[in-house]
Amino acid sequence: MTKARNGGIRRLLFRRSLFGLFTLWVVSLVVFLATQALPGDAAQAILGREATPDRLAALREQLHLGGSLPEQYLSWLGNLLTFNLGTSLAGGVPVSVAVAPNLINSSILMICAALIAIPLSIGIGTWSALRKDTAVDHVTGIITLVLASLPEFVVGVLLVLLLATGLFHLFPAVFVLVPGQQVWANPAQLVLPVLTLVLAVSPYIIRIMRATMLEVLDTQYIQQARLKGLPERTVIIRHALPNAIGPVAQVIALQLAWLIGGVVIVEFLFRFPGIGFQLIDAVTNRDLPVVQALTIIIALFYVVVNLFADVITLAANPKVRTAR
């Protein structure tokens, strides 16, 4: 029986991994075709009217603009699979070198937001479910509904007006990074970007957690645990929470995947030196190798996070683990 369960889990994860690889291939194809769809000569558009023929020829070779469209794509894809991301047209350095520091900065920003948002949302959602139809529950529902309806840039602007430039002057309105300094060197500058992301992703998790917890609390095994005289804290922590986390894991994964997209707007709003700000800058400067690399990195993050959510769901849900 155990071998059958493990085999079912491995088959499911294998299928999801294949689907993730297929998704990455589709993204690579779309990114390449979008690059090729630029009006006019891409090399001429990047270098401008003053470009010399030698520079145009060198850039066309770097961007694999020679040969047929399939040949160009296969050449670019081959370099991508060997982690040869090319050279940044704006900085003149390898893309991996240009992207790595900003990738680390964005990872720190998203990890901080996730470490705060996930336990906070689970706790508030559980607390709201345990106080169903009370004033606390109604206030929590209204606040989460309002926050869920606001775009992240609106939340960010409101936080800047409230905590940086308007009523209170507690935190910097924009991020200022001294060359050679790490982003965590001045924690006060991280507060507003992290808080914006937390307020953007938490409402959805809180509402789903509340609804799932209410369903779990109405099940027979929870009622039996209470009839056995178990303390309410034991019933919630050992019996209710593990069964409620499984369905919520998918929502958490979707919100974590959203972070990599939402971070683009948040980083641009607060001038945070991450991949979101770099992506907008690369699009503005038509730095195509950087745009292509960052797009693939974002897609890879989506795939990995969703695969991780599948693993959590399998671990938390016995029905899914035993399904064939």
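**Contacts and local features of an all-helical predicted model**

Leu230 touches Ala225, Val235 and His239, residues up to four places away in sequence being left out of the count. In this predicted model, Leu230 is placed in the loop between helix H9 (220-227) and H10. The residue counts as partly exposed, its relative accessibility being 33%.

The protein as a whole has 13 helices and 0 strands. Its pattern along the sequence is accordingly written α-α-α-α-α-α-α-α-α-α-α-α-α. Of its 324 residues, 38% count as buried. The area exposed by the protein is about 17,800 Å², and 68% of this is supplied by carbon and sulfur atoms. When contacts between residues at least 6 apart in sequence are considered, 70% join residues at least 24 apart.

Helix H1 spans residues 2-36 and includes Val26. Together with Phe19, Phe22, Trp25 and Val30, Val26 makes a nonpolar surface patch of about 500 Å². Val26 is classed as partly exposed because its relative accessibility is 30%. Two aromatic members of the patch, Phe22 and Trp25, also fall in the partly exposed class, Phe22 with a relative accessibility of 47% and Trp25 with a relative accessible area of 40%.

A search of the whole structure returned 3 aromatic pairs. One of them is formed by Phe22 and Trp25, with ring centres 5.9 Å apart and an angle of 35° between the planes, a tilted arrangement. Both residues of this pair belong to helix H1, where Phe22 and Trp25 are separated by 3 residues, about one turn of the helix.

Helix H1 also holds Ser28. In contrast to the partly exposed Phe22 and Trp25, Ser28 is buried, since its relative accessible area is 2%. With residues up to four places away in sequence not counted, Ser28 touches Tyr73, Trp76, Leu77 and Ile296. A further buried polar residue is Gln278, whose relative accessible area is 12%. Gln278 lies in helix H11. Under the same exclusion of residues up to four places away, Gln278 is in contact with Ala98, Val99, Asn102, Val290 and Leu294.

The structure holds 1 salt bridge. The bridge joins the side chains of Arg210 and Asp137, at an N to O distance of 2.7 Å. Arg210 belongs to helix H8 (residues 188-217) and Asp137 to helix H6 (residues 135-149), and the pair therefore ties together parts that are 73 residues apart in sequence. The two partners fall into separate accessibility classes: Arg210 is partly exposed, with a relative accessible area of 24%, whereas Asp137 is buried, at 5% relative accessibility.

Positive phi values occur at two residues described here, Asp133 and Arg271. For Asp133, which is not a glycine, phi is about 65°. Asp133 is located in the loop between helix H5 (95-130) and H6. With a relative accessibility of 53%, Asp133 counts as exposed. For Arg271, likewise not a glycine, phi is about 60°. The loop that contains Arg271 runs between helix H10 (232-270) and helix H11 (275-285). Arg271 is partly exposed, with a relative accessible area of 43%. In addition, Arg271 is positioned over the face of Phe268, 5.8 Å from the ring centre.

Three of the loop and helix assignments above concern consecutive parts of the chain. Leu230 is in the loop between helix H9 and H10, Arg271 is in the loop between helix H10 and helix H11, and Gln278 is within helix H11. Of these residues, Leu230 and Arg271 are partly exposed, while Gln278 is buried.

Methods. Residues are numbered from 1 along each chain as its sequence is written. This is a predicted model: local features need pLDDT of at least 70, side-chain atom pairs count only at pLDDT 80 or more; totals for chains, interfaces and linings use all residues. Side-chain values use heavy atoms; hydrogens and water are left out. Patches are made of residues with over 30% relative accessible area and no salt bridge: like charges are joined within 9 Å, nonpolar side chains (Val, Leu, Ile, Met, Phe, Trp, Tyr) within 5 Å. Accessible areas come from the Shrake-Rupley method with a 1.4 Å probe; for residues, only the protein chains shown count as cover. A salt bridge is a side-chain nitrogen of Lys or Arg within 4 Å of a carboxyl oxygen of Asp or Glu. Helices (H or I, at least four residues) and strands (E, at least two) are DSSP runs, numbered from the N terminus. Buried means under 20% relative accessible area, exposed over 50%, partly exposed in between (1.4 Å probe, protein chains only). Contact means heavy atoms within 4.5 Å. Rings of Phe, Tyr and Trp (its six-membered ring) pair if their centres lie within 6.5 Å; planes under 30 degrees apart count as stacked, over 60 as edge-to-face and the rest as tilted. A charge sits over a ring if NZ of Lys or CZ of Arg is within 6 Å of the ring centre and within 35 degrees of the ring normal.
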